[in-house]
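The exercises below ask the reader to work from the sequence and the coordinates, step by step. Please try each task before reading its solution.

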Amino acid sequence: MTSATRKTAFVLAGGGSLGAVQVGMLKALNREQIRPDFVVGASVGAINAAYYAAAPDESGIARLEQIWMNLRRTDIFPFSALGTLLCLLGRRDHFTVPLSLRTLIASQLPYKRLEDAPLPCHVVATDALDGTEVILSSGDVEEALLASAAIPAVFPRVTIAGQALIDGCVSSSTPICAAVALGATRLVIIPTGTPCVLQAPPRGALALVMHALNLMAMSRLLADVDRFADRCELIVVPPLCPLAVNTYDFSQTGDLIRRAEAATLHWLEGGLQNKDPHHALAPHHHRSD
């Protein structure tokens, strides 16, 4: 296939606070002048994809980096005693509402509708009834991103065109299938990774739930890589390893971005090639001294 007929998609996975890793990867890819024809994202990967699509260049990625540097856990998960009580009493089906995330999208994203993104951007959510993957390519970008990041029981589902939607990671942690359906012939997968050097599971209900979802997501990614290997060119940017930060920890953002940029630049020294991703994606842990 010639470069003229090849269609490249950046595919951004979900992964909570580890979405910061993707910023460093995007910095490295941009520095090496590797750019896509369109982007596809799920959950936090959808949010990163939407911001990248607003300005897919050094200045745009720098703005995304600054947003991440200013994020705190309470900005994304503003839990309250009243909200928790209402959920436990069955008065509502979610613990909190993403008011800060909605404000961040509305104030920082320079376009209002997905089809107006300077770089084509597609957001993946999940049908709350049957669990199927839903690709959003047009319409209100704020609602699309909130739907893609609507972690079940944590955030409320989002209804778009009469369809109740929840987090894209439920149906497709890394929307490889969506990218292929949209016409991509070369996929650059930008994962968030798995904390492979944790000495114990994270403490706290939500931290543990997000950790479990992350483990499921990486397992699904590896399966999808095998599934689509013969249908398109698949290139997986290696996730950080070793990694000790869980998906609920927003205190290590700067270090994650710096490490991811350096590691990706090192990996790119041999060029953007289809390298076997199994050694980096397969479940593993590191023995402590």
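The exercises that follow concern a predicted model, and each task is followed by a worked solution.

**Exercise 1. Overall make-up**

Task: Establish how many helices and strands the protein has, what percentage of its residues is buried, and what share of the exposed area carbon and sulfur atoms supply.

Solution. Begin with the secondary structure, which comes to 11 helices and eight strands. Next, turn to burial: of the 289 residues in the protein, 52% are buried. The surface that the protein exposes amounts to about 13,100 Å², and carbon and sulfur atoms supply 54% of that area. Finally, consider the contacts with a separation of 6 or more, of which 77% are accounted for by residues 24 or more positions apart.

**Exercise 2. The nonpolar cores**

Task: Identify which residues touch the most other members of the largest nonpolar core, and find which element gives the largest share of that core.

Solution. The largest nonpolar core holds 71 residues, and within it F10, F77 and C121 touch the most other members. Helix α2, residues 44-54, contributes the largest share of this core, with nine residues. A second core, separate from this one, has 22 residues, including A178, A184, L187 and I189. In soluble globular proteins, nonpolar side chains tend to be buried together. To follow F10 itself, set aside residues up to four places away in sequence; the residues it touches then include L26, L29, F38, V40, Y52, V188 and I190, and R35 is also among them.

**Exercise 3. Packing of two helices**

Task: Describe the geometry with which α6 and α7 pack, and then list the residues that make the contact.

Solution. Helix α6 spans residues 99-108 and helix α7 spans residues 141-148; they pack at an angle of about 140 degrees, and their axes are 10 Å apart. The handedness of this crossing is right-handed. On the α6 side the contact is made by L101, R102, I105 and A106, while α7 contributes E142, E143, L145 and L146. Sorted by class, the contact comprises five nonpolar and three charged residues, with no polar ones.

**Exercise 4. A residue in a loop**

Task: Decide whether T192 is buried or exposed, and trace which residues it touches.

Solution. First locate T192, which lies in the loop between β7 (186-190) and α9 (205-228). Its relative accessible area is 0%, and because buried means under 20%, T192 counts as buried. Leaving out residues up to four places away in sequence, T192 touches A13, G14, G15, L18, G19, V21, Q22, N214 and L243. A further distance can be added for M25, which is 167 residues from T192 along the chain, while the C-alpha atoms of the two are separated by 9.7 Å.

**Exercise 5. Backbone details**

Task: Compare the loop residues S43 and A161, asking of each what its phi is and whether it is buried or exposed.

Solution. S43, although not a glycine, has a positive phi of about 60 degrees, and it is placed in the loop between β2 (38-42) and α2. A161 is likewise a residue other than glycine with a positive phi, near 55 degrees, and it lies in the loop between β5 (158-160) and β6 (163-166). For burial, S43 has 9% relative accessibility and counts as buried, whereas A161, with a relative accessible area of 84%, is exposed. As a last step, inspect the peptide bond from C241 to P242, which is cis, with omega near 0 degrees; P242 is found in the loop between β8 (233-236) and α10 (253-267).

How values were computed:
Residues numbered from 1 in each chain as written. Predicted model: local features only at pLDDT ≥ 70, side-chain atom pairs only at ≥ 80, totals over all residues. Heavy atoms only, no water. Axes fitted to C-alpha atoms, helices over the stretch in contact; angles between N-to-C directions. Helix = DSSP H or I, 4+ residues; strand = E, 2+ residues; numbered from the N terminus. Left-handed = near helix turned anticlockwise from the far one by under 90°. Contact = heavy atoms within 4.5 Å. Nonpolar A, V, L, I, M, F, W, Y, C, P; charged D, E, K, R; others polar. Buried < 20%, exposed > 50% of the residue type's maximum accessible area, 1.4 Å probe, protein only. Areas by Shrake-Rupley, 256 points an atom, 1.4 Å probe, with all protein chains shown as cover. Core = buried A, V, L, I, M, F, W, Y, C linked by side-chain atoms within 4.5 Å.
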